[in-house]
Amino acid sequence: MIQQTLVVIKPDGVERNLIGEIIKRYEDAGLKIVKLKMMQTNDSLMKQHYPHTDEYFESIGKKSAAAGDNITDFIAQGRKIVSSLVEYLQSGPVVAMVLEGEEAIPLVRKVTGYTDPATAEKGTIRGDLGEDTILKANSEGRAVKNLIHASGNLEEATAEIKLWFGLI
Ligand code: ADP
């Protein structure tokens, strides 16, 4: 099925001059850019973009444990990370785009790679180009810099494209 999905190159990707390299990897995978803009995010957009629910906080907290951190309260850990994530996305300009193609949502996730660059597969964007790790980020009390946001599923993609591109 042909799908559309949202990709955001986070401030570290823009800062490190990786916009072209990142876009090339998606295009090489057969995806088409149908919308594209560079912008500065704000608190309101970020709070709507990232779920502020215990379920989401817990899933994020568990990723710290999976990376080897000794976490007992996943929700508290996740809440702290999401708050620093909202700041990280506002720390510089980002590039938002809508990509289209056959099974674009899972394809983009595959090309992007796992959340933690330390364990993201080689050949993925985060695995090849990511320099930060969850363990390092958590020891400094912040979200991991991993270059990309990519919608996780159809429901997220639909809501996120509407949120980021609205009527454009
Ligand atoms: P993904 O972006 O891979 O879909 P999530 O939706 O779980 O991952 O998390 C959103 C973002 O929060 C991640 O891209 C990453 O920047 C950050 N993040 C997630 N989990 C952690 C963690 N345990 N420690 C630090 N940062 C995290």
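Guide: Helices (H or I, at least four residues) and strands (E, at least two) are DSSP runs, numbered from the N terminus. This is a predicted model, in which local features need pLDDT of at least 70, side-chain atom pairs count only at pLDDT 80 or more, and totals for chains, interfaces and linings use all residues. Residues are numbered from 1 along each chain as its sequence is written, and side-chain values use heavy atoms, with hydrogens and water left out.

Visitor: How many residues surround the ligand?

Guide: A residue counts if one of its heavy atoms lies within 4 Å of the ligand. Among the closest are Tyr56, Lys63 and Ser64. The residues that surround the ligand number 16.

Visitor: Which helix gives the largest share of the shell around the ligand?

Guide: The shell divides into 7 nonpolar, 4 polar and 5 charged residues (Ala, Val, Leu, Ile, Met, Phe, Trp, Tyr, Cys and Pro count as nonpolar, Asp, Glu, Lys and Arg as charged, the others, Gly among them, as polar). The largest share, 4 residues, comes from H4.

Visitor: What is the distance between an oxygen atom of the ligand and an N or O atom in the side chain of Asn146?

Guide: A polar contact to the ligand is a pair of N or O atoms within 3.5 Å. For a polar side-chain atom of Lys10, the distance to a ligand oxygen is 2.9 Å, and for Arg126 the side-chain N or O atom lies 3.0 Å from one. For Asn146 the value is 2.8 Å.

Visitor: How much of the ligand's accessible area does the protein cover?

Guide: Accessible areas come from the Shrake-Rupley method with a 1.4 Å probe. On its own the ligand has 530 Å². The protein's cover of that area is 95%.

Visitor: Where does the ligand sit?

Guide: A pocket is an open set of points on a 1 Å grid over the protein atoms alone, where a 1.4 Å probe fits, with protein on both sides within 12 Å along at least five of seven lines; lining residues have an atom within 4 Å of a point. A molecule sits in one if more than half of its atoms lie within 2 Å of its grid points. The ligand sits in the largest pocket.

Visitor: What volume does the largest pocket have?

Guide: A volume is the space filled by probe spheres set on the points. The lining divides into 11 nonpolar, 8 polar and 7 charged residues, and H4 gives its largest share, 5 residues. The volume of the largest pocket is about 610 Å³.

Visitor: Which helix gives the largest share of the lining of the second largest pocket?

Guide: This pocket has a volume of about 170 Å³. Helix H1 (11-15) and H5 each supply at least two lining residues. The largest share, 4 residues, comes from H1.

Technical notes: A polar contact is a pair of N or O atoms within 3.5 Å; within protein, one must be able to donate a hydrogen and the other to accept it, and residues adjacent in sequence count only if both atoms are side-chain atoms.
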